[in-house]
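Hi,

Here is the structure I promised to pass on to you. Have a look at it first, and my notes follow just below.

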Amino acid sequence: MKICVIGLGYIGLPTASMLAIKGFKVVGVDINKSRVEEIKNLTFKTVEKDLDTLVKGAINSGNLIVKTEPEKADVFIICVPTPIDENKRCDLSYLNKAIEDIKPFLNEDNLIIIESTVPPGTCEELYRKLNKKVFLAYCPERVLPGNLLKELVENDRIIGGINKESAEMAKKIYESFVKGGIYLTDIRTAEMVKLMENIYRDVNIALANEFAKICDELSINVWEAINLANKHPRVNILKPGPGVGGHCISIDPWFIVEKSKHAKLIKTAREINDNMPLYVVEKIKKLKPRNIAIFGVAYKGNVDDVRESPAIKIVDLLLKNYNVKCYDSYVKSFTYPLYSLEEAVKDADLIVILADHDEYKNFSEEDIKIIKKLVRRHIIFDTKNVINKDLWEKEGFKVYLLGD
Ligand code: SAJ
């Protein structure tokens, strides 16, 4: 069986590679020529564990070829981005283009699987517009960047079919590598389930962020309070932070806001999380710095992705009044220049941590001593509660936490 995977981003590439390893003939397609070249030549860079080995195995097996144009296949799996536009509505242009691109190759035995996150009703609408007899299923990706390959195999999957046969056909494909359960439903429910998962997380983080602000106001350490509240068997509050980034959780809840007038809590949660960068900047102002070293511009710990990262907004705002140097050894390129650790902290009178990279958790006494010599003032503001506070305090740093 031949499978054509459209979009070789963080979902499409591992999925295409996994299918190739499992013996399918796979054609991976991406409109970005340089992305295709770097995959073909195995020169793409990733911090995702074992992804390079998987892709290498797939390419070397001869089962995965990558190119910029689709071709005839039995199954088409679409993994293209669905961002939001300036009115915070789902931008389906990449998805529509992917469908247009495969249209000339479709015949009535073909199965199209969509993995991209979309507002409920989108797949039915696409099917109507396509106006061709094909099988269509929606199987939303669920993997967590940073733990991608493990979750690709182990997570349960939800498959919605435009009809029962479509869902059953898609199940056969995913069964080849998914060890978790595979649950079948209708296509609109599957679209809703995906959004509910990310909204649940966004609302929970908004609650944690609101708790952080309240605890700041009432002189309580939010981290300790959350930790203790979570000792209750039915409480699981997530962590506060400088905001919610990434191309999923900070975007997907808007797909429901655009569809339903009832999405009030969801909208408020989004606004709370979107305002966290401003709150962090207000806190920074109170520490009266001049030169600020930012540690961690990725949207979260141990990833190299900066899409929608709260750091972008925070640095934007800080640059109006302060000198700012960013350091992130995981990230290759950012909106603003990146410096080495030493360059970033030289003459800094404030260090601000915005991402919970393991590197910051694991700073040794030696590392802190080096930083201590280079900075002008010994103040660190940790918005993620990631550093070893005692160790920094031992070296004479004043440590501030968000929500404390
Ligand atoms: N964050 C917090 N506090 C927390 C957890 C996360 O502030 O306690 C922040 C992170 O720092 C980051 C943002 O939220 O800025 C999102 O990070 P994340 O780890 O919660 O999620 P993503 O965006 O990397 O991946 C999510 C996952 N969804 C769920 O866990 C429900 C993943 O399984 C999805 O596949 C992915 O979205 C997606 O592509 O939709």
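The ligand is surrounded by 20 residues, and the closest are L238, K239, G241, G246 and C248. Here a residue is near a molecule or strand if its C-beta atom, placed from the backbone, lies within 6 Å of it. By type, the shell around the ligand splits into nine nonpolar, five polar and six charged residues. In that split Ala, Val, Leu, Ile, Met, Phe, Trp, Tyr, Cys and Pro count as nonpolar, Asp, Glu, Lys and Arg as charged, and the others, Gly among them, as polar. Domain 1 (2–180) and domain 2 (208–401) each give at least three residues to this shell.

Before you go further, please keep in mind that this is a predicted model: local features need pLDDT of at least 70, side-chain atom pairs count only at pLDDT 80 or more, and totals for chains, interfaces and linings use all residues. Residues are numbered from 1 along each chain as its sequence is written. The mean pLDDT of the protein is 97, with 100% of its residues at 70 or more; pLDDT is the predictor's confidence in each residue, from 0 to 100. For the complex, the predictor gives an ipTM of 0.99 and a pTM of 0.96.

Now the domains. The protein is divided into domain 1 (2–180) and domain 2 (208–401), with bounds that come from an automatic or database domain assignment. Taken over C-alpha atoms, their centres are 33 Å apart. Each side brings 14 residues to the contact between them, where two residues are in contact if their C-beta atoms, placed from the backbone, lie within 7 Å. On the domain 1 side, the touching residues are nine nonpolar, two polar and three charged.

There are two open sheets to look at. One has eight strands in the order β3-β2-β1-β4-β5-β6-β7-β8, with mixed pairing. Helices (H or I, at least four residues) and strands (E, at least two) are DSSP runs, numbered from the N terminus, and two strands pair if DSSP finds at least two bridges between them. β3 (64–67) and β8 (182–186) are at the edges with a single partner strand each, so one side of each has no neighbour in the sheet. The twist averages 25° from one strand to the next. Strand β2 (residues 25–29) runs parallel to β3 and is joined to it by four bridges, with G28 opposite V66. Helix α8 (residues 187–218) lies across β6 (135–138), β7 (157–161) and β8, at about 145° to β7; axes are lines fitted to C-alpha atoms, for helices over the stretch in contact, and angles run from 0 to 180 degrees between N-to-C directions.

The other sheet has five strands, ordered β10-β9-β11-β12-β13, with parallel pairing. Its edge strands are β10 (323–327) and β13 (398–401), and its twist averages 20° from one strand to the next. Four bridges link β12 (residues 379–382) with β13, and I380 stands opposite V399.

Best wishes
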